[in-house]
Amino acid sequence: MKKNTEKTRMLIKKVISTGFGHIFGANVINQVIAFVSNFIVIRVLSKSDYGIYSYAFNIYSFLAMANGFGMEPACLQVCSEKMQTEKNADRYLKFGMLAGSGFNVFLGMLIVLGALYLPLPLEGVNDILILFAALPLLYTFFNFIQTYFRYNMMNVEFSKCSVINTALILVASVAGAYLLQASGMILFRELAYVLSILCAIWIYRFPIKRIFRAAAITLEEKKDILKLSVISMLNTATGQLYYLVDVFLVGWIITDETIVASYKTATIIPNALLFIPAALVVYIYPFFSQRQGDKQWVKQKYFLLLKYFSIVNALISACLIVFAPVIIKIVFGSQYLDAVPAFRILSLSYFFTATFRKITGNLLVTQRKLQFNVWLGLGESVLNIISNWVLIHLMGAVGAAVTTLIICIITSAISVAYFVRYLNKEETE
């Protein structure tokens with residue numbers, strides 16, 4: 001017992017000393033700020049206006065799944081592998097930033113065209129959607145800066161930039177909502193990203209001049225990173241589709257913005273809490289990338305993560321389920337109490353997604369097992385659409401939550417089984 005306690009103490013000390021404290025602390029602060037932002041915005045906007053904004057943001061998010069053509073995660077992977085050579089990593093990041101930014105200009109044009117010509121079911125959504133056109137370019141450029149901090153393990157700079165960005169978005173969203181309602185939220189949020197980028201360059205010394213002066217990568221190197229980026233984009237798209245189809249189909253089938261608002265409210269806390277596995281992934285990703293192919297090390301650390309992380313997430317889910325009515329009433333108001341059933345189901349889904357799906361999926365990427373995630377994501381997306389269509393017709397908005405639970409259990413089981421099988425192959429080869 002004493003030996004295990006000492007091992008745990010040493011493990012915690014090592015994790016904190018290598019930067020996890022900064023990353024996790026920043027993510028906690030970010031989520032507190034985000035909760036405050038949602039708390040204020042939901043009360044500033046009427047339930048109907050919030051439903052229209054949520055639906056417009058959901059439509060935008062479908063196009064944003066292709067943000068940067070997947071260059072950001074591809075650069076993280078390649079630059080983590082090659083970080084020992086600064087100039088080499090700069091070359092890849094330069095190519096990724098230029099290619100990703102160029103693609104996002106194209107995305108912005110698609111958003112404008114969609115807003116002008118798509119016949120959407122809720123009135124007012126088209127007018128809001130067109131304002132999102134500049135967001136992909138700004139969002140991805142800021143994330144490339146964060147990618148640079150991540151693969152260089154500059155956890156303090158990464159964390160501080162992240163907190164500043166979230167704080168600016170809070171101020172911008174609230175100010176925009178007060179001044180110009182939903183339109184102001186979007187325009188001011190884009191301004192917040194501009195300020196975040198300038199802050200990262202001027203205060204935290206992101207070497208933008210050095211990177212853009214780096215030599216070009218070769219044709220073979222471009223092929224390698226493009227292959228990774230396409231697969232990463234598909235992984236991201238199928239992963240995000242999981243969270244977008246439900247809101248879209250609730251609005252399309254039920255055509256009531258107040259029901260859209262209630263269901264969207266039910267998703268906010270369970271989805272926001274995914275910052276916990278996200279923070280863990282931000283911290284562990286470079287370590288696992290550098291140990292690519294060292295199956296014994298990866299296996300040992302993977303099971304250690306599942307052991308402790310499952311306990312944390314079980315406690316979180318239990319608290320959310322038991323205290324659901326109180327949480328909804330305090331955070332969002334009595335008018336959203338109809339969201340409680342969906343909220344409880346999604347809180348249970350959080351346990352499986354956070355503990356197994358998110359961690360395992362990202363660790364598969366560190367071992368360059370990207371194609372599995374693509375095929376699993378495609379299968380998940382098809383099942384998600386079919387199940388949502390059937391269950392929303394049968395059960396209303398709660399059917400969307402039930403679909404999420406079913407799919408996250410199935411995909412978690414499949415991804416864990418595949419990863420364990422991959423790790424065990426070494427013992428039989």
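Which helix holds both Phe 57 and Tyr 60, and how many residues apart are they? I looked this up before anything else. Both lie in helix 3, residues 47-64. They sit three residues apart, about one turn of the helix. I note here that the model is a predicted one.

**Aromatic rings**

I searched for aromatic pairs and the count came to 21. Phe 57 and Tyr 60 form one of them, and the pair is tilted. Their centres are 5.7 Å apart, with 45 degrees between the planes. I checked the angle against the cut-offs: under 30 degrees would be stacked and over 60 edge-to-face, so 45 degrees falls to tilted.

Next I asked about cover. Is Tyr 60 buried or exposed? Tyr 60 has 5% relative accessibility, so I wrote it down as buried. Phe 57 has 25% and counts as partly exposed. The limit for buried is under 20%, which is why Phe 57 does not make it.

I then turned to another pair, Phe 103 and Phe 106. Their ring centres are 5.8 Å apart and their planes stand at 50 degrees, so this pair is tilted. Both residues lie in helix 5, residues 86-117. They are three residues apart, about one turn of the helix. Phe 106 has a relative accessible area of 43%, so I marked it as partly exposed.

I went back to Phe 57 and Tyr 60 to see what else they join. Ring pairs link them with Tyr 53 and Phe 132 into a cluster.

One more ring caught my eye. Lys 295 lies over the face of Tyr 422. The distance from the ring centre is 4.4 Å.

**Salt bridges**

How many salt bridges does a search of the whole structure find? I got four. I followed up three of the pairs.

Glu 221 forms a salt bridge with Arg 91. The closest N and O atoms are 2.6 Å apart. This pair links distant parts of the chain, 130 residues apart. Glu 221 is in helix 10, residues 219-254, and Arg 91 is in helix 5. I looked up the cover and found both residues buried.

Lys 223 and Glu 220 also meet in a salt bridge, at 3.7 Å from N to O. They are three residues apart in helix 10, so about one helical turn separates them. Lys 223 has 49% relative accessibility and counts as partly exposed. Glu 220 has 54% and counts as exposed. The cut-off for exposed is over 50%, so Glu 220 passes.

Glu 380 and Arg 357 meet in a salt bridge too, at 3.6 Å from N to O. Glu 380 lies in helix 16, residues 370-395, and Arg 357 in helix 15, residues 340-366. The pair therefore ties together parts that are 23 residues apart in sequence. Glu 380 is buried, and Arg 357 is buried as well.

**A nonpolar patch**

I stayed with helix 16 and looked at the surface. Which helix gives the most to the nonpolar patch? Helix 16 does, with six residues. The patch covers about 730 Å². Its members are Trp 252, Val 382, Ile 386, Trp 389, Val 390, Leu 394 and Met 395. I checked Val 382, which is found in helix 16. At 48% relative accessibility, Val 382 counts as partly exposed.

**Helices 7, 8 and 11**

I compared helix lengths with expectation. Helix 7, residues 135-151, has 17 residues and should span 24 Å at 1.5 Å a residue. Its end C-alpha atoms are 24 Å apart, so the two agree. In helix 7, 15 of the 17 residues are buried, so it is largely enclosed by the rest of the structure. Met 153 follows helix 7 and has a positive phi, near 55 degrees.

Helix 11, residues 257-272, has 16 residues and should span 22 Å. I found its end C-alpha atoms 22 Å apart, which agrees. Its buried residues include Val 260, Tyr 263, Ile 268 and Pro 270.

My last stop was Tyr 193 in helix 8, residues 155-202. At 8% relative accessibility, Tyr 193 counts as buried. Tyr 193 and Ala 172 are 21 residues apart in sequence. In space they are 9.8 Å apart, C-alpha to C-alpha.

Terms used
Residues are numbered from 1 along each chain as its sequence is written. This is a predicted model: local features need pLDDT of at least 70, side-chain atom pairs count only at pLDDT 80 or more; totals for chains, interfaces and linings use all residues. Side-chain values use heavy atoms; hydrogens and water are left out. Helices (H or I, at least four residues) and strands (E, at least two) are DSSP runs, numbered from the N terminus. The expected span of a helix is 1.5 Å times one less than its number of residues. Buried means under 20% relative accessible area, exposed over 50%, partly exposed in between (1.4 Å probe, protein chains only). Rings of Phe, Tyr and Trp (its six-membered ring) pair if their centres lie within 6.5 Å; planes under 30 degrees apart count as stacked, over 60 as edge-to-face and the rest as tilted. A charge sits over a ring if NZ of Lys or CZ of Arg is within 6 Å of the ring centre and within 35 degrees of the ring normal. A salt bridge is a side-chain nitrogen of Lys or Arg within 4 Å of a carboxyl oxygen of Asp or Glu. Patches are made of residues with over 30% relative accessible area and no salt bridge: like charges are joined within 9 Å, nonpolar side chains (Val, Leu, Ile, Met, Phe, Trp, Tyr) within 5 Å. Accessible areas come from the Shrake-Rupley method with a 1.4 Å probe; for residues, only the protein chains shown count as cover.
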